[in-house]
Amino acid sequence: MKKLLVFLMIVLMCGFSSCARRVVTSVPANVTIVKNRPANYKIVRVKGKRYYFWNGKHYRKTRRGYVFVRV
């Protein structure tokens with residue numbers, strides 16, 4: 001009985017091994033980065049996150065500048 005349990009454990013460990021592969025997502029090619037925000041912007045909070053709103057669009061601050069996002 002003990003040998004059977006050990007055998008089943010080995011089979012299960014080999015059968016459930018991770019077959020995960022690296023998945024690389026592509027970055028959208030048409031990302032517009034705005035370097036400077038205009039003087040008439042507003043800061044809004046949506047679900048606890050800070051967004052900058054101007055010209056009818058929401059932007060998020062990044063290291064490179066401000067990126068348009070859909071909220």
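**Exercise 1. Work out how much surface this predicted model shows, and how much of the chain is buried.**

Start with the surface: the protein chain has about 7100 Å² of accessible area, and carbon and sulfur atoms own 58% of that. Next, look at burial: 10% of the 71 residues count as buried, the cut-off being under 20% relative accessible area.

**Exercise 2. Trace the fold along the sequence and lay out the sheet.**

Step one is the tally: one helix and five strands. Step two is to read them in sequence, which gives α-β-β-β-β-β. Step three is to place the strands side by side: they make an open sheet in the order β1-β5-β4-β3-β2, paired antiparallel. Now check the edges. β1 (33-34) and β2 (42-46) each have a single partner strand, so each has one side without a neighbour in the sheet.

**Exercise 3. Find what holds the place next to β1, and name the bridge partner of I33.**

Go to strand β5, residues 66-69: two bridges join it to β1, and the two run antiparallel. Then pick out I33, whose bridge partner in β5 is V67.

**Exercise 4. Locate the nonpolar surface patch and place L4 in it.**

First, list the members: M1, L4, L5, F7, L8 and V11 make a patch of about 640 Å². Second, put L4 on the fold: this residue sits in helix α1, residues 2-15. Third, ask whether L4 is buried, partly exposed or exposed. Its relative accessible area is 47%, so L4 counts as partly exposed. That value also clears the patch cut-off of over 30%.

Conventions
Residues numbered from 1 in each chain as written. Predicted model: local features only at pLDDT ≥ 70, side-chain atom pairs only at ≥ 80, totals over all residues. Heavy atoms only, no water. Helix = DSSP H or I, 4+ residues; strand = E, 2+ residues; numbered from the N terminus. Buried < 20%, exposed > 50% of the residue type's maximum accessible area, 1.4 Å probe, protein only. Areas by Shrake-Rupley, 256 points an atom, 1.4 Å probe, with all protein chains shown as cover. Pairing = 2+ DSSP bridges. Patch = residues over 30% accessible without salt bridge, like charges linked within 9 Å, V, L, I, M, F, W, Y side chains within 5 Å. Salt bridge = Lys/Arg side-chain N within 4 Å of Asp/Glu carboxyl O.
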